[in-house]
Amino acid sequence: MKTLYLIGGTMGVGKSTVAQHLLDTLPAAVMLDGDWCWSADPFIVTDETRAMVLDNICHMLSNFLRCSAYENVVFCWVMHEQAIIDAIRTNLPLAETGCRAVNISLTCSEAALRERLARDVSAGKRTDDVIARSVARLPLYSTLDSTLIDTTALTPEEVAERVLSISPLLDNGA
């Protein structure tokens with residue numbers, strides 16, 4: 001059975017790093033980072049661009065799910081609203097491909113999030129406005145239909161192990 005791992009979390013919580021570890025660990029795996037589907041300069045957020053990025057994401061994920069070469073599809077993105085998760089899942093061929101979807105939301109303490117993002121800002125990887133935006137989204141993840149994993153005191157490898165240890169037990173909303 002194919003498995004789609006939907007890894008959500010606010011900016012700086014470790015989604016991309018954990019997704020990369022899952023890609024390296026799982027057999028016959030492919031990974032998509034939602035940010036790759038919306039890398040633009042200037043970054044413009046409108047109804048039109050939101051619809052475009054969701055279409056891009058669903059198109060690529062659908063192709064991965066239909067491809068017999070892959071058993072595991074790992075997708076990471078901010079996904080801070082249930083409507084985003086639902087829109088993605090609704091537009092994927094989950095039943096057609098015999099795929100189960102596992103919803104995971106990564107969280108961490110506000111202090112850890114601020115520290116991680118401050119390091120990224122200092123290294124020039126992010127702009128300083130990301131800290132307030134990310135902290136504001138942090139409480140939203142507890143309201144989602146997903147399994148929460150607190151990454152505060154865990155390495156990315158440990159988080160990936162937790163995802164793998166709980167995912168056989170889950171099939172959130174499929």
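Colleague: Why is strand S4 (residues 99–107) called largely enclosed by the rest of the structure?

Modeller: Nine of the nine residues of S4 are buried, so the strand is largely enclosed. Buried means under 20% relative accessible area, exposed over 50% and partly exposed in between, with a 1.4 Å probe and protein chains only. This is a predicted model, in which local features need pLDDT of at least 70, side-chain atom pairs count only at pLDDT 80 or more, and totals for chains, interfaces and linings use all residues. Residues are numbered from 1 along each chain as its sequence is written, and side-chain values use heavy atoms, leaving out hydrogens and water.

Colleague: Which residues point one way from S4, and which the other way?

Modeller: Cys99, Ala101, Asn103, Ser105 and Thr107 point one way, while Arg100, Val102, Ile104 and Leu106 point the other way; all are buried.

Colleague: What makes S4 a strand, and how do you know that S1 and S5 pair with it?

Modeller: Strands (E, at least two residues) and helices (H or I, at least four) are DSSP runs, numbered from the N terminus. Two strands pair if DSSP finds at least two bridges between them. Eight bridges join S1 (residues 2–9) to S4, and four join S4 to S5 (residues 147–150), so both pairs meet the definition. Both run parallel. Serine 105 in S4 stands opposite glycine 8 and also opposite leucine 148 in S5.

Colleague: Why are S2 and S5 called edge strands?

Modeller: The open sheet has five strands in the order S2-S3-S1-S4-S5, with parallel pairing. S2 (29–33) and S5 each pair on one side only.
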